[in-house]
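Visitor: I am new to this one. Please take a close look at a single part for me, the iron site and the space around it.

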Amino acid sequence: MRLAAPVALAAAAAALVAGLTLPVHAAADGVAIYGRCAACHTKTGAGVPGVFPPLGEDFRTLAASDVGRRYLALVVTRGISGPIKVGGKPFAGVMPAQSTLDDASVAAVLNHVGTEIAKTGPAFKPFAEAEIATSRAGGAGLSAQDVGKLHAGAGGQ
Ligand code: HEC
């Protein structure tokens, strides 16, 4: 018993440190994270013509296919630089990679966009953390320009 208490204390301290340093997945809040997207895409997702694309019809189309979903995950994790056309209108700006977001946070913000901003309705299939992890790992070598080149092939229009 003399040893048990210090060992248990050490284990508790280690667990506490791990809890403090690991990403807090349960706290991933899509509404709060969208605040940083809104700085450019606007609060409603309407965007700014010619500068920041809307997160609406194009998002809904992209979120409905595997290749489109991979593209959306890469837009957030790698950034994107066009030229691309969204809703038939040209955009040739730069979105910086949101690289401080962990997989759970990327899934949370894309789910917020899918449901509340692009208003996909019941057809929307939520993004899972594991899906983001797979896309992120597979696209680790891509530049923002590379992601831009994926847009049309992913079903963007
Ligand atoms: C600093 C401004 C900025 C911020 C912040 C930003 N974006 Fe973007 N985003 C852009 C620009 C600019 C483009 C288009 C790039 C281009 O013009 O080639 C874009 C493109 C996109 C696209 C692709 C749209 C399509 O139809 O293909 C998605 C999806 C997207 N952003 C989602 C997000 C999300 C989600 C966030 C927040 C986590 C975010 N953006 C934060 C500027 C921004």
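Guide: The structure holds zero disulfides. A disulfide is a covalent bond between the sulfur atoms of two cysteines. Two cysteines can still be placed by their exposure. C37 is buried, because its relative accessibility of 18% is under the 20% cut-off. C40 has 32% relative accessibility, so it counts as partly exposed. Bear in mind that this is a predicted model.

Now the iron. H41 and M95 coordinate the iron atom of the ligand. H41 does so through NE2, and M95 through SD. The distances are 2.0 to 2.2 Å. This pair links distant parts of the chain. H41 sits in helix α2, M95 in strand β4, and 54 residues separate them. Six donor atoms surround the iron atom of the ligand, and their angles run from 89 to 180°, so the arrangement is octahedral. Ideal angles for six octahedral donors are 90 or 180 degrees. H41 is also buried, because its relative accessible area is 12%, under the 20% limit.

Next, the space. The largest pocket holds about 560 Å³. Its lining counts 33 residues. Closest to the pocket centre are H41, L55, V75, I80 and M95. Both iron-coordinating residues, H41 and M95, are thus named in that central group. Several elements give two or more residues to the lining, among them α2 (30-41), α4 (66-78), β4 (94-95) and α5 (103-117). By type, the lining divides into 25 nonpolar, six polar and two charged residues.

Notes
Residues are numbered from 1 along each chain as its sequence is written. This is a predicted model: local features need pLDDT of at least 70, side-chain atom pairs count only at pLDDT 80 or more; totals for chains, interfaces and linings use all residues. Side-chain values use heavy atoms; hydrogens and water are left out. On a 1 Å grid over the protein atoms alone, a cavity is a set of points where a 1.4 Å probe fits but cannot get out, and a pocket is an open set with protein on both sides within 12 Å along at least five of seven lines; lining residues have an atom within 4 Å of a point. Grid points are joined across faces, edges and corners, and a volume is the space filled by probe spheres set on the points. Helices (H or I, at least four residues) and strands (E, at least two) are DSSP runs, numbered from the N terminus. Ala, Val, Leu, Ile, Met, Phe, Trp, Tyr, Cys and Pro count as nonpolar, Asp, Glu, Lys and Arg as charged, and the others, Gly among them, as polar. Donors are N, O and S atoms within 2.8 Å of the metal (3.2 Å for Na, K and Ca); water is not among the atoms, so sites may look incomplete. Four donors count as tetrahedral if all angles lie between 85 and 135 degrees; four count as square planar and six as octahedral if opposite donors are over 155 degrees apart and all others between 65 and 115; anything else is irregular. Buried means under 20% relative accessible area, exposed over 50%, partly exposed in between (1.4 Å probe, protein chains only). A disulfide is a pair of cysteine sulfur atoms within 2.5 Å.
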